[in-house]
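Student: I would like to go through this model and ask what justifies each term used for it.
Tutor: Go ahead, and start with the overall fold.

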Amino acid sequence: MVTAALFVRVEAKPGSEAAVEKFLKSGLPIVESEPATIAWFGLRLGPSTFGIFDAFPNDAGRNAHLSGKVAAALMSDETAALLTGPPTLEKIDVLAAKLPGNGGG
């Protein structure tokens, strides 16, 4: 069951859109090794606006993810140089979910 999620929004500096897209795609293999990350999506919301949505079974899973490699890379100076400002991070409580294999929530 999924009870916790995150939504992270970032805005790429002009000319950095491809690098931000590449960064998000490179996060997938990392989160695949996180057992408490039930779902993870790298998103393009507009020409220069990107996001990450991920879901967890509980707060402990979400906190473990926030202490992981993708979060560290997102907060690095190298990634900050690609963005117009710091990422916006929202902690979300999941009220219901339908995921493969769980028949719904």
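Student: What pattern does the protein follow, read along the sequence?
Tutor: The model is a predicted one. Along the sequence the order is β-α-β-β-α-α-α-β, which comes to four helices and four strands.

Student: Why is the protein called as compact as a globular protein of that length?
Tutor: The radius of gyration of the protein is 14 Å, and the globule rule gives 13 Å for 105 residues; the two are close, so the description holds. The C-alpha atoms fill a box of roughly 40 × 25 × 20 Å along the principal axes.

Student: What makes strand β3 mostly covered?
Tutor: A residue is buried if its relative accessible area is under 20%. In β3 (residues 49-56), seven of the eight residues are buried. Of the 105 residues of the protein, 38% count as buried.

Student: How do you know that β3 pairs with β1 and with β2, and in which sense?
Tutor: Pairing requires at least two bridges between two strands. Strand β1 (residues 4-11) and β3 have eight bridges, and β2 (residues 39-44) and β3 have six; therefore each count satisfies the definition. Both pairings are antiparallel. Leu-6 stands opposite Asp-54 in β3, while the bridge partner of Arg-44 in β3 is Phe-50.

Student: What joins β2 to β3?
Tutor: A hairpin does, through four residues.

Student: What share of the contacts with a separation of 6 or more comes from residues 24 or more positions apart?
Tutor: Such residues account for 73% of those contacts in the protein.

Terms used:
Residues are numbered from 1 along each chain as its sequence is written. This is a predicted model: local features need pLDDT of at least 70, side-chain atom pairs count only at pLDDT 80 or more; totals for chains, interfaces and linings use all residues. Side-chain values use heavy atoms; hydrogens and water are left out. Helices (H or I, at least four residues) and strands (E, at least two) are DSSP runs, numbered from the N terminus. The radius of gyration is taken over C-alpha atoms; the globule rule is 2.2 Å times the number of residues to the power 0.38. Buried means under 20% relative accessible area, exposed over 50%, partly exposed in between (1.4 Å probe, protein chains only). Contact means heavy atoms within 4.5 Å.
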